[in-house]
Amino acid sequence: MMNREEFVMLRDFIYEKTGIYFTENKMYLLESRLTNRLQDLGLSSYEDYYYSLKFGGEKARNEINNLFDVVTTNETSFFRNPPQLDVFKMMVQKGCCNGDMPGSPIKIWSAACSTGEEPYTLAIIVLELVEALRKNIPFMIYGTDISAKVLESAKRGVFNPYSIRNTDDKIMKKYFTGENNLFALKEQVKRYVKIDFMNLMEENSYRAYRQMDFIFCRNVLIYFDEKMKKKVIDSLYECLKPKGILIIGHAESLHNISRAFKPLVFPGTIAYQRG
Ligand SMILES: C[S@@+](CC[C@H](N)C(=O)[O-])C[C@H]1O[C@@H](n2cnc3c(N)ncnc32)[C@H](O)[C@@H]1O
């Protein structure tokens, strides 16, 4: 059993590394998520696990990646929250964001992409627009996450029926192969999405994601406390082009977090624009 001191040590360690804050009532959740790590490492207490993370040198670095895998919640799916995607589609169609340099690719970042459904959905939306408008729309998409396990899965690009449950049959036929239980995304979509590790807590790693037209950072801020939300949102602001757009989860808000963005209100959703 995890005792309170162990909980506090591990909670603070996880918070410092990931921004994810396990509140007091989540002690049993944290315990259950870490049980297998203790078993795999042959450790008999959560205290030993904490010390192995904190002072374990090179080995600890690998274990911290395992820790990221187990403390994150990776729920996602294709075409999640359509009103936000409609706004994205409308803006790309109108060429809202890439006006300053004609011909330069639209840069889109899915900043906590989990197993890839979000960035791949965005790629499909743009590819559909290219076809409908018969117009070349250069674009590139970055999908990043803190969990190596979900990133591996995102790179593989093979999805289960739960992931694609909101995906049109027409889109399924066009961009996926396989049937029944496994659906592999075609290379024609995958090639637009660059999947990489990126920890939103590490200030230096934002440098690789500059001049974005769109940033999707959906359903991750909910795991952070106010201080970490502010830190992440300020950094994302700096990664946008002037007039670039930030989309956060539909249940999330920038109220009390940032006044720097201009909220753009659309049916069923708000997009946040850099000034
Ligand atoms: C619930 S999923 C959301 C996936 C997708 N954005 C969506 O809305 O469908 C949250 C993701 O945030 C990632 N995450 C949590 N903390 C993070 C951090 N500090 N840096 C980067 N990603 C993080 C998790 O690994 C998880 O895959």
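**Figure 1. Aromatic pairs in the predicted model.** The structure holds 15 aromatic pairs. The model is predicted. One of the pairs joins Phe139 and Tyr192, and its rings are stacked. Their centres lie 4.4 Å apart, with 15 degrees between the planes. Phe139 belongs to strand β2 (residues 139–145). Tyr192 sits in the loop between α9 (187–190) and β6 (193–197). The two residues are 53 apart in sequence, and the pair links distant parts of the chain. Phe139 is buried because its relative accessible area, 8%, falls under the 20% cut-off. Tyr192 has 23% relative accessibility and counts as partly exposed.

**Figure 2. The Phe261–Tyr272 pair.** Here the geometry is edge-to-face. The ring centres are 6.3 Å apart, and the planes meet at 80 degrees. Phe261 lies in the loop between β8 (240–248) and β9 (262–266). Tyr272 is part of strand β10 (residues 269–273). The pair therefore ties together parts that are eleven residues apart in sequence. Both Phe261 and Tyr272 are buried.

**Figure 3. An aromatic cluster and a charge over a ring.** Four residues make up one aromatic cluster: Phe13, Tyr50, Tyr51 and Phe55. A second panel shows Tyr162 with Arg165. The charged end of Arg165 sits over the Tyr162 ring, 3.8 Å from the ring centre.

**Figure 4. The cavity.** The structure holds one cavity of 30 Å³ or more. The largest cavity encloses about 320 Å³ of space. Its lining counts 24 residues. Closest to the centre are Thr73, Ala112, Asp145, Asn219 and Val220. By class, the lining of this cavity has eleven nonpolar, eight polar and five charged residues. Two domains contribute: domain 1 (4–71) and domain 2 (82–273) each give at least three residues to the lining of the largest cavity.

**Figure 5. The largest pocket.** About 360 Å³ of space lies in the largest pocket. It is lined by 17 residues. Phe79, Lys89, Ile125, Glu128 and Ile171 are the closest to its centre. Three elements give two or more residues to the lining: α5 (82–94), α6 (117–133) and α8 (169–175). Helix α6 provides the largest share of the lining of this pocket, six residues. Eight residues of the lining are nonpolar, two are polar and seven are charged.

**Figure 6. Phe79, a residue of the largest pocket.** Phe79 is among the lining residues closest to the centre of the largest pocket. Its place is in the loop between α4 (57–71) and α5. Phe79 is not a glycine, yet it has a positive phi of about 55 degrees. Is Phe79 buried or exposed? Phe79 counts as buried because its relative accessibility is 17% and the limit for buried is under 20%.

**Figure 7. The second largest pocket.** This pocket has a volume of about 280 Å³. Its lining has 13 residues. Nearest the centre lie Asn74, Thr115, Glu117, Val150 and Ser153. Both α7 (148–156) and β3 (158–159) supply at least two residues of the lining. The largest share, three residues, comes from α7. The lining of the second largest pocket divides into four nonpolar, six polar and three charged residues.

**Figure 8. Lys243 in strand β8.** Lys243 is placed in strand β8. It has a positive phi of about 75 degrees, although it is not a glycine. Lys243 counts as exposed because its relative accessible area is 51% and the limit for exposed is over 50%.

**Figure 9. Ile233 in helix α10.** Ile233 lies in helix α10 (residues 226–239). Its relative accessibility is 0%, so Ile233 counts as buried. Ala260 is 27 residues away along the chain. The C-alpha atoms of Ile233 and Ala260 are separated by 9.7 Å.

Conventions:
Residues are numbered from 1 along each chain as its sequence is written. This is a predicted model: local features need pLDDT of at least 70, side-chain atom pairs count only at pLDDT 80 or more; totals for chains, interfaces and linings use all residues. Side-chain values use heavy atoms; hydrogens and water are left out. On a 1 Å grid over the protein atoms alone, a cavity is a set of points where a 1.4 Å probe fits but cannot get out, and a pocket is an open set with protein on both sides within 12 Å along at least five of seven lines; lining residues have an atom within 4 Å of a point. Grid points are joined across faces, edges and corners, and a volume is the space filled by probe spheres set on the points. Ala, Val, Leu, Ile, Met, Phe, Trp, Tyr, Cys and Pro count as nonpolar, Asp, Glu, Lys and Arg as charged, and the others, Gly among them, as polar. Domain bounds come from an automatic or database domain assignment. Rings of Phe, Tyr and Trp (its six-membered ring) pair if their centres lie within 6.5 Å; planes under 30 degrees apart count as stacked, over 60 as edge-to-face and the rest as tilted. Helices (H or I, at least four residues) and strands (E, at least two) are DSSP runs, numbered from the N terminus. Buried means under 20% relative accessible area, exposed over 50%, partly exposed in between (1.4 Å probe, protein chains only). A charge sits over a ring if NZ of Lys or CZ of Arg is within 6 Å of the ring centre and within 35 degrees of the ring normal.
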